[in-house]
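Notebook open. I'm after charged pairs first, then the nonpolar packing.

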Amino acid sequence: MKNIIAAVTLVFFVTTLNAAELISKLDFTMRYVAKVEATYPGVKGQIVGPLEISFTRNDGTESKAFLENAYIQYSNEPYALDETISKYVDSLQSLYVPDELEIKQVVENIYPIIKNRKYITEIQRLQDNFDSDEKTGQFPYYYEQLNPELVVLYAFDSEKSMSLAQLKDIEALGIHPSQLRKIAAENLSRYLPPIQRQGDETLSMLIADGNYEASLLLLDDIWTKDNFSVRGEIVVFVPSRDIILVTGSDDREGLRKAQEIIRNNEWSYFISEIAYVRKNHSWVLLEP
């Protein structure tokens with residue numbers, strides 16, 4: 001008798017659901033938003049309209065969701081409302097819960113980029129020109145001061161794309177800013193081919209990959225007198241991202257030649273015409 005009652009109850013339950021009217025598109029959307037927010041802490045949804053939602057993460061990242069297909073599936077299987085919503089919410093996992101391997105791959109593709117201080121000012125000016133209604137004066141990317149003239153930015157550089165990193169990007173990867181330069185420098189060391197040196201002890205040029213030569217300034221291990229037996233302290237010029245000249249602070253001929261080369265050439269991706277001297281594991285402006 002117990003089995004018969006159970007079977008009758010099940011048939012009645014399914015029949016009732018099939019006969020019930022569908023919930024509205026707006027109600028479906030509200031249930032979907034509630035499920036997303038419960039499943040992915042830090043994600044908030046705002047309903048734009050029936051079956052359309054705008055989601056915002058804690059880091060300010062925004063995304064859109066359109067539920068037409070989900071609602072059609074629910075309409076065909078109204079008894080599977082919760083299962084349908086769960087299915088579409090679970091599909092967001094790759095967006096809101098990045099795979100550990102994916103994060104590792106992104107971190108391994110962070111590289112340091114050397115720019116001059118004027119680059120920061122120019123980007124701020126351009127940003128305000130494009131956004132005349134709200135002049136923030138803020139530089140959109142994360143950077144660190146290397147010295148009064150040079151700054152270090154960070155790029156996500158892969159085979160498919162390259163983009164400068166914002167602070168929220170770095171925090172989303174779980175990297176503390178104090179660790180970033182070390183990580184980026186180690187990535188650069190692994191990425192670059194063997195560094196070549198052309199010239200002599202008076203004046204030489206370092207050659208790597210044609211893009212990150214200026215970033216060699218951040219590889220502390222190479223800047224030793226064992227590698228560069230120059231006269232005086234090690235001095236560098238970085239007129240462009242792909243050019244780095246090396247001479248000595250007491251080598252007048254080397255300094256003269258470097259300055260002449262910089263004056264007599266037009267540089268793509270110009271950085272600086274100033275000489276920098278190695279002191280206490282840092283690069284400081286060479287006093288005249």
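I looked up R256 and got 40% relative accessible area, so R256 is partly exposed (buried is under 20%, exposed over 50%, partly exposed in between; 1.4 Å probe, protein chains only). Its partner E253 is also partly exposed, at 35%. Their side chains meet in a salt bridge at 2.7 Å, N to O (a side-chain nitrogen of Lys or Arg within 4 Å of a carboxyl oxygen of Asp or Glu). E253 and R256 are about one helical turn from each other, because they sit three residues apart in helix α10, residues 252-263 (helices are DSSP runs of H or I, at least four residues; strands are runs of E, at least two; both numbered from the N terminus). Shared partners join E253, R256 and E260 into one salt-bridge network.

Caveats for myself: this is a predicted model, where local features need pLDDT of at least 70 and side-chain atom pairs 80 or more, while totals for chains, interfaces and linings use all residues. Numbering runs from 1 along each chain as its sequence is written, and side-chain values use heavy atoms, without hydrogens or water.

How many salt bridges are there in the whole structure? I found nine. One of them pairs R31 with D27 at 3.5 Å between the closest N and O atoms, both in helix α2 (residues 25-39).

Next, the largest nonpolar core (buried Ala, Val, Leu, Ile, Met, Phe, Trp, Tyr and Cys joined through side-chain atoms within 4.5 Å). It has 41 residues, and L217, W223 and V236 touch the most other members. Strand β6 gives the largest share, five residues. I also noted a second, separate core of 20 residues, including I23 and L51.
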